[in-house]
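Let's take a walk through this fold together, starting from one covered helix and moving out to the core and a helix pair.

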Amino acid sequence: MMKRSLLIRSLLVAVVLSVAASLLFFWQQRAGATVRPYIVELSADPVIVAKFRAESAGQPFDVEAYRAQVVAQQNDFLARLAAKGVAASVVSVDAPNGPNGEVSNIQFRFNYVYNGVTLAVPASAVPTIESMDGVKSVHEDEAVELHLDNAVKYVRAQQLYGNPPQVKMGDALQTAGVHGEGIYIAVIDTGVDWAHPMFGGDPTPPRFGVGPAVAATNYNQKVPYFLNLTAGAAQDDFGHGSHVAGIAAGYLANAPGADGLPLTADDIPVHGVAPQAKIMAYKTLSTVGTGLNASTVLAIEDAVQPFTIAGYPKPVAHVINMSLGSASNDPNSPAAVASDNASLAGTTVVASAGNSGAPTPTNPTGEGTIGSPGSGRRRSRSTAAPPSSPTSQKLTSSAGWPRRPTRCPTP
Ligand SMILES: [Ca+2]
């Protein structure tokens with residue numbers, strides 16, 4: 001009898017504890033205890049802004065010395081946060097970056113175009129962080145999705161070209177400087193299939209980011225640089241980035257046409273806007289075409305600075321293309337601010353706009369649909385429909401594009 005009552009009592013205790021645990025979980029959810037990624041912006045100017053200010057005033061500027069100051073401010077902030085007992089960890093990714101899948105641990109900390117640290121913290125800690133000295137703003141790290149602007153024909157690029165009007169891989173020495181010669185275009189997207197025929201069909205891998213260039217190694221001539229900021233493979237396993245890069249800088253190639261088959265009579269010749277430009281590929285979006293703002297910010301930073309995350313020399317992008325965006329249209333979002341600051345380096349930043357511009361019953365003109373980073377103040381926006389169109393049309397490229405394309409579709 002005693003044993004039986006003990007058993008019942010134990011069961012009751014277990015049930016009570018279980019209910020208490022559920023209530024505690026519910027309370028923690030209510031209290032914002034869910035750990036989420038946040039981008040914390042700190043007060044010191046990022047490197048490129050301080051450099052711009054100094055040079056505008058005719059003063060000398062030491063990039064490395066200033067960068068050390070920004071990093072020191074971040075380290076001091078992290079130490080003070082830990083001293084307050086806030087459980088926070090710097091968000092990072094083990095990203096394969098190398099021809100054989102070599103993995104680099106990359107932290108989402110920024111100093112060149114944005115002074116910030118991406119932290120995984122409970123939502124309940126945000127007011128504490130916001131109140132700390134040196135904290136400028138705290139942003140929830142928003143999800144980013146793919147967009148696609150529509151076409152080469154809208155910008156009438158071919159009207160600039162001389163002879164030949166369409167450039168193939170072998171035409172490298174025959175063009176007159178209006179086809180993107182000497183220009184690096186950073187495509188921040190799902191990566192780029194560097195061996196695609198539209199990029200010359202060369203299977204040689206690019207140089208991967210983070211580490212140094214190896215002098216004795218040949219790299220892909222069309223896609224000379226690749227930085228993967230995801231845990232997925234260092235390639236384009238979605239297809240969108242290759243499509244976007246093809247529009248920007250693809251050589252003459254054939255789209256499969258209506259029958260969907262390559263090398264048949266209905267194939268359509270397609271051509272990029274600047275076919276002699278080189279592509280710096282950034283993979284910030286996953287296999288399913290989604291990502292976070294923090295990876296966009298870090299890709300912008302890497303594209304603009306003359307060294308890799310680990311400090312090795314690398315080319316600087318003349319143009320950044322981001323056919324992506326988030327639901328936020330805040331011009332102060334981290335990606336929008338980073339885009340603005342990237343333009344101080346002389347880089348032209350192009351971000352998509354109008355992809356959510358379809359009229360709705362509550363928004364009949366489709367206004368306010370420019371998401372971050374397109375909402376930045378110094379952006380060129382690539383609209384999804386002709387600018388003269390009375391209403392924007394929602395066009396996305398994620399549907400119907402094969403994961404490992406053998407031919408680019410019509411841009
Ligand atoms: Ca065909």
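A residue is called buried here if 20 or more other C-beta atoms lie within 10 Å of its own. Keep in mind that this is a predicted model.

With that cut-off in hand, helix 6 (residues 240–249) is a good place to begin: 10 of its 10 residues are buried. They are His 240, Gly 241, Ser 242, His 243, Val 244, Ala 245, Gly 246, Ile 247, Ala 248 and Ala 249. For context, 44% of the 411 residues of the protein count as buried.

The protein as a whole has eight helices and 19 strands. Taking contacts between residues at least 6 apart in sequence, 77% join residues at least 24 apart.

**The nonpolar core**

In soluble globular proteins, nonpolar side chains tend to be buried together. Here the largest nonpolar core has 81 residues, and those with the most contacts inside it are Ile 185, Ala 186, Val 187 and Ile 320. Helix 7 (residues 293–304) gives the largest share of this core, seven residues. Where does the core sit relative to domain 1 and domain 2? It lies between them, because domain 1 (32–141) and domain 2 (145–383) both give residues to it.

Ile 185 deserves a closer look. Leaving aside residues up to four places away in sequence, Ile 185 touches Ala 248, Ala 249, Ala 277, Ile 279, Met 280, Ala 317, Val 319 and Asn 321. Two of these partners, Ala 248 and Ala 249, are also among the buried residues of helix 6.

**Helix 7 against helix 8**

Helix 7 also meets helix 8 (residues 334–342): their axes come within 9 Å and cross at roughly 10°. Angles under 35 degrees count as roughly parallel, so helix 7 is roughly parallel to helix 8. The table shows which residues make the contact.

| Helix | Residues in the contact |
|---|---|
| Helix 7 | Asn 293, Thr 296, Val 297, Ile 300, Glu 301, Val 304 |
| Helix 8 | Pro 334, Ala 335, Ala 338, Ser 339, Ala 342 |

By class, this contact of helix 7 with helix 8 has seven nonpolar, three polar and one charged residues. As a general reminder, an α-helix has 3.6 residues a turn, so residues three or four places apart point the same way.

**Ser 343, in the loop after helix 8**

Ser 343 lies in the loop between helix 8 and strand 18 (348–353). Is Ser 343 buried or exposed? Ser 343 counts as buried, because it has 20 C-beta neighbours inside 10 Å. Its C-alpha atom is separated by 9.4 Å from that of Val 113, although the two residues are 230 apart along the chain.

Note on methods:
Residues are numbered from 1 along each chain as its sequence is written. This is a predicted model: local features need pLDDT of at least 70, side-chain atom pairs count only at pLDDT 80 or more; totals for chains, interfaces and linings use all residues. A nonpolar core is a set of buried Ala, Val, Leu, Ile, Met, Phe, Trp, Tyr and Cys residues joined through C-beta atoms within 7 Å. A residue is buried if 20 or more other C-beta atoms lie within 10 Å of its own, exposed if 12 or fewer, and partly exposed in between; C-beta atoms are placed from the backbone. Helices (H or I, at least four residues) and strands (E, at least two) are DSSP runs, numbered from the N terminus. Domain bounds come from an automatic or database domain assignment. Two residues are in contact if their C-beta atoms, placed from the backbone, lie within 7 Å. Axes are lines fitted to C-alpha atoms, for helices over the stretch in contact, and angles run from 0 to 180 degrees between N-to-C directions. Angles under 35 degrees count as roughly parallel, over 145 as roughly antiparallel, 65 to 115 as roughly perpendicular and the rest as oblique. Ala, Val, Leu, Ile, Met, Phe, Trp, Tyr, Cys and Pro count as nonpolar, Asp, Glu, Lys and Arg as charged, and the others, Gly among them, as polar.
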